[in-house]
Amino acid sequence: MGIYIVPQLSDNFAYLVVDDSSKEAAIVDCAEADKVIAAARAHGVKLTSVLTTHWHPDHSGGNEDIAAKIPGIHIYGARAEGGRIPALSNPVDDGGTVRIGKLEGRVIGIPAHTNGHVAYHFPALNAVFTGDTMFIGGCGRVFEGKAATMVESLARLAALPDSTAVYCGHEYTEKNLRFALTLEPNNLALRAKHDAAVKARAAGKWTVPSTIGDEKQINPFLRTDSAELRTSLKKIDPSLSDDRVALFAKARELKDRY
Ligand SMILES: [Zn+2]
């Protein structure tokens with residue numbers, strides 16, 4: 001079993017997920033079909049599925065092309081995206097399952113960035129693919145839902161076991177962690193994660209994956225309970241209460257302008 005990073009466009013990640021027993025593989029998000037097909041060939045696996053996290057073109061723009069080049073490939077994606085996922089052949093819903101050979105993944109509905117955004121959780125790989133909902137040290141912009149929807153979606157991901165590896169949709173880690181440090185400058189775990197990310201990027205390496213346990217310690221959008229984070233936000237906006245959604249929304253608003 002393996003998970004391989006397939007860089008797409010300028011800072012997108014697609015992931016090749018392989019079932020070793022059958023040598024079947026799926027790609028999580030496809031923007032550039034040719035790169036995905038080349039990666040599958042390099043790893044000697046048969047691409048049978050595309051698992052689309054959400055409709056945005058940098059995550060689904062290669063679907064038509066890959067469907068044309070690999071006839072019969074299954075294109076999974078959320079029914080709740082309302083028909084905006086190109087070449088969708090296998091609509092899924094929250095709680096549904098996807099299969100790659102003998103490997104089984106669970107669909108987790110995590111709306112807010114888009115109305116039908118989903119994550120794919122593979123218990124046997126101890127990994128979750130979070131698209132543009134949870135980033136390392138950050139979260140996606142709230143385009144189609146409300147702040148409360150995003151808080152709930154992030155909580156669903158945070159409820160996975162701490163050891164779960166987090167594979168997100170973009171390499172945004174350094175900037176996310178720089179922003180996070182403006183709110184929690186004394187969070188030592190956050191500082192360490194930031195320093196590790198800077199080092200990794202300087203060495204030309206990716207920062208994925210993180211883990212759910214790490215994210216709970218360093219991701220400001222999961223840390224509305226942190227006293228330091230609350231104090232920082234209230235210093236910026238004294239009208240803020242301890243309401244978690246309001247705290248989240250303020251942090252998100254600050255990040256949008258960061
Ligand atoms: Zn997106």
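This section describes the sheets, a helix pair and some unusual backbone geometry of a predicted model.

One open sheet contains 6 strands in the order 1-2-3-4-5-6, and its pairing is mixed. The edges are occupied by strand 1 (2–8) and strand 6 (90–92); each has a single partner strand, so one side of each lacks a neighbour in the sheet. From one strand to the next, the twist averages 25 degrees. Helix 1 (residues 33–42) packs on this sheet and touches strand 1, strand 2 (12–19), strand 3 (24–28) and strand 4. The direction of helix 1 makes about 150 degrees with that of strand 1.

Within this sheet, both senses of pairing can be followed in individual strand pairs. Strand 1 and strand 2 run antiparallel and are joined by 7 bridges, with Gly2 standing opposite Val18 in strand 2. These two strands form a hairpin in which 3 residues lie between them. By contrast, strand 4 (residues 46–51) and strand 5 (residues 74–78) pair in the parallel sense, over 3 bridges. Leu51 has Tyr76 in strand 5 as its bridge partner. In general, side chains in a regular strand alternate between the two faces of the sheet.

An open sheet of 6 strands is also formed in the order 7-8-9-10-13-14, again with mixed pairing. Strand 7 (97–100) and strand 14 (210–211) are its edge strands, each pairing on one side only. Strand 9 (residues 118–122) and strand 10 (residues 127–131) run antiparallel and are joined by 3 bridges. In this pair, Tyr120 is placed opposite Phe129 of strand 10.

Two packed helices are described by the angle between their axes and the distance between the axes. For helix 5 (residues 173–183) and helix 6 (residues 188–202), the axes come within 9 Å and cross at roughly 150 degrees. Because angles over 145 degrees count as roughly antiparallel, helix 5 is roughly antiparallel to helix 6. The crossing of these two helices is left-handed. On the side of helix 5, the contact comprises Thr173, Glu174, Leu177, Arg178, Ala180 and Leu181. These residues meet Leu190, Arg191, Lys193, His194, Ala197, Val198 and Arg201 of helix 6. By character, the residues of the contact divide into 6 nonpolar, 2 polar and 5 charged.

Most residues other than glycine have a negative phi, and most peptide bonds are trans. Against this background, several positions in the loops deserve mention. Leu9, in the loop between strand 1 and strand 2, has a positive phi, near 50 degrees. This residue belongs to the turn of the hairpin formed by strand 1 and strand 2. Leu9 has 16 other C-beta atoms within 10 Å and is partly exposed. A positive phi, near 60 degrees, is also found at Lys23, which is located in the loop between strand 2 and strand 3. Lys23 likewise counts as partly exposed, with 13 C-beta neighbours inside 10 Å. The peptide bond that joins Val208 and Pro209 is cis, with omega about -5 degrees. Pro209 is situated in the loop between helix 6 and strand 14, and strand 14 is one of the edge strands of its sheet.

Notes. Residues are numbered from 1 along each chain as its sequence is written. This is a predicted model: local features need pLDDT of at least 70, side-chain atom pairs count only at pLDDT 80 or more; totals for chains, interfaces and linings use all residues. Two strands pair if DSSP finds at least two bridges between them. Helices (H or I, at least four residues) and strands (E, at least two) are DSSP runs, numbered from the N terminus. Axes are lines fitted to C-alpha atoms, for helices over the stretch in contact, and angles run from 0 to 180 degrees between N-to-C directions. Two residues are in contact if their C-beta atoms, placed from the backbone, lie within 7 Å. Angles under 35 degrees count as roughly parallel, over 145 as roughly antiparallel, 65 to 115 as roughly perpendicular and the rest as oblique. A crossing is left-handed if the near helix is turned anticlockwise from the far one by less than a right angle, and right-handed if clockwise. Ala, Val, Leu, Ile, Met, Phe, Trp, Tyr, Cys and Pro count as nonpolar, Asp, Glu, Lys and Arg as charged, and the others, Gly among them, as polar. A residue is buried if 20 or more other C-beta atoms lie within 10 Å of its own, exposed if 12 or fewer, and partly exposed in between; C-beta atoms are placed from the backbone.
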